Amino acid sequence: MQKSIVVIGGSGFASKLKGREVEVPTRFGRVAVLLSETSEAKVYAIRRHGANHDTPPHMVNYKAHIALAKEVDAKAILASTAVGVISLDRYSPGDLILCSDILALNVLLGGKVVTFFDSFADGPHHTDMSHPFTPELNAHLLRAAAELSISLKESAILGATYGPRYETAAEIRALKILGADLVGMTAAFEAILAREQGTPYTAVAIGTNPAAGLTGKPLSHDEVIEMMSRRGDDIHGLLMKAIEIV
Ligand code: HPA
């Protein structure tokens with residue numbers, strides 16, 4: 001029996017995803033996916049920001065993307081995500097990095113809540129979030145990286161913002177004091193929903209730029225895309241190898 005795997009491709013990576021265009025209905029709306037098959041797996045690839053990259057981070061239908069994994073009985077969700085680097089002593093732009101934890105500014109500041117549980121009509125749901133990125137999947141990715149001789153760093157804490165703007169220098173200083181190593185606008189919300197749903201999830205983060213205010217240089221989306229095009233093949237290779245292992 002083939003396993004089903006969902007892949008979520010972020011900024012600059014979606015063009016690497018191939019497959020037959022299909023739409024999968026979920027209770028949160030239809031999701032356009034690229035469906036491909038290997039001898040072991042059916043791969044449902046989602047372009048996080050849409051086929052034309054026209055959906056900004058705060059408008060992504062995260063619930064539909066994660067619910068799709070349940071619809072197709074996926075064994076795991078593997079994502080790619082572009083991030084800014086805060087801990088420049090441990091990680092550099094260009095690095096591929098696995099995260100171990102999340103620091104969600106919305107939790108600290110009382111912003112929008114991303115959850116499947118807007119009602120407790122069928123009982124209370126307080127999800128354990130001790131390991132938002134599934135440790136077994138991180139182990140599989142490390143094995144894939146070793147087999148492909150690709151350097152993959154570990155144990156980063158991902159600070160979450162909504163975007164679509166980049167952070168202010170003061171926000172990055174605050175995130176650093178609080179313990180975040182990286183900052184991104186998307187993967188944390190997917191990780192939270194996947195935990196709530198009970199689907200194993202992790203993301204390969206690619207450090208695309210020093211976070212705001214750390215170098216004095218303004219941030220630009222072009223820089224993010226340029227770094228993704230440099231490391232896109234490695235990320236693709238890693239995810240495809242991990243699909244074999246999962
Ligand atoms: N901040 C937030 N999200 C990002 C960044 C950043 O600096 N770079 C790529 N995605």
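Trainee: Which element gives the most to the shell around the ligand?

Mentor: In this predicted model, S5 gives the most to that shell, with three residues. The elements that give two or more residues are S5, strand S8 (182–184) and strand S9 (201–210). Among the residues around the ligand are Ala82, Val83 and Gly84, as well as Tyr166, Glu167, Thr208 and Asn209.

Trainee: What makes the approach of the ligand to the side chain of Glu167 a polar contact?

Mentor: A polar contact requires a pair of N or O atoms within 3.5 Å. A nitrogen atom of the ligand is 2.8 Å from an N or O atom in the side chain of Glu167, so the pair meets the cut-off. The criterion is also met at Thr208, where the distance from a ligand nitrogen to a side-chain N or O atom is 3.4 Å. At Gly84 the partner is a polar backbone atom, 3.3 Å from a nitrogen atom of the ligand.

Trainee: How much of the ligand does the protein bury?

Mentor: Taken alone, the ligand exposes 260 Å², and the protein buries 95% of that.

Trainee: Why is Thr81 called buried?

Mentor: Buried means under 20% relative accessible area. Thr81 has a relative accessible area of 2%, so Thr81 is classed as buried. Thr81 belongs to strand S5 (residues 76–85). Not counting residues up to four places away in sequence, Thr81 touches Arg48, Thr186, Ala187, Ala203, Val204, Ala205 and Ile206.

Trainee: What makes Val33 count as buried?

Mentor: The relative accessibility of Val33 is 0%, and the cut-off is under 20%, so the term buried applies. Val33 is found in strand S3 (residues 29–37). Leaving aside neighbours within four places in sequence, Val33 is in contact with residues including Arg20, Glu21, Tyr44, Ile46 and Leu68. The C-alpha atoms of Val33 and Arg47 are separated by 7.3 Å, although these residues are 14 apart along the chain.

Trainee: How many aromatic pairs are there, and why is the pair of Tyr62 and Phe189 called tilted?

Mentor: The count comes to four aromatic pairs. The rings of Tyr62 and Phe189 are 5.9 Å apart, centre to centre, with 45° between the planes. Rings pair if their centres lie within 6.5 Å, and planes under 30 degrees apart count as stacked, over 60 as edge-to-face and the rest as tilted. The angle of 45° belongs to the last class, so the pair is tilted. Tyr62 lies in helix H1 (residues 62–71) and Phe189 in helix H5 (residues 187–197), so the pair ties together parts that are 127 residues apart in sequence.

Trainee: Why is the pair of Tyr162 and Phe189 stacked?

Mentor: The ring centres of Tyr162 and Phe189 are 5.3 Å apart and their planes are at 15°, so the pair is stacked. Tyr162 lies in the loop between strand S7 (153–160) and helix H4 (169–178), and Phe189 in helix H5, so this pair ties together parts that are 27 residues apart in sequence. Ring pairs link Tyr62, Tyr162 and Phe189 into a cluster.

Trainee: Are Tyr162 and Phe189 buried or partly exposed?

Mentor: Phe189 is buried, with a relative accessible area of 2%. Tyr162 has a relative accessible area of 23% and is therefore partly exposed.

Trainee: How do you know that the charged end of Lys112 sits over the ring of Tyr162?

Mentor: The charged end of Lys112 is 5.4 Å from the ring centre of Tyr162 and is assigned as sitting over the ring. The distance cut-off is within 6 Å, and the charge must also be within 35 degrees of the ring normal.

Definitions and conventions. Residues numbered from 1 in each chain as written. Predicted model: local features only at pLDDT ≥ 70, side-chain atom pairs only at ≥ 80, totals over all residues. Heavy atoms only, no water. Helix = DSSP H or I, 4+ residues; strand = E, 2+ residues; numbered from the N terminus. Buried < 20%, exposed > 50% of the residue type's maximum accessible area, 1.4 Å probe, protein only. Contact = heavy atoms within 4.5 Å. Phe/Tyr/Trp six-rings, centres within 6.5 Å; stacked < 30°, edge-to-face > 60°. Near = heavy atom within 4 Å. Polar contact = N/O pair within 3.5 Å; in protein donor to acceptor, adjacent residues only side chain to side chain. Areas by Shrake-Rupley, 256 points an atom, 1.4 Å probe, with all protein chains shown as cover.
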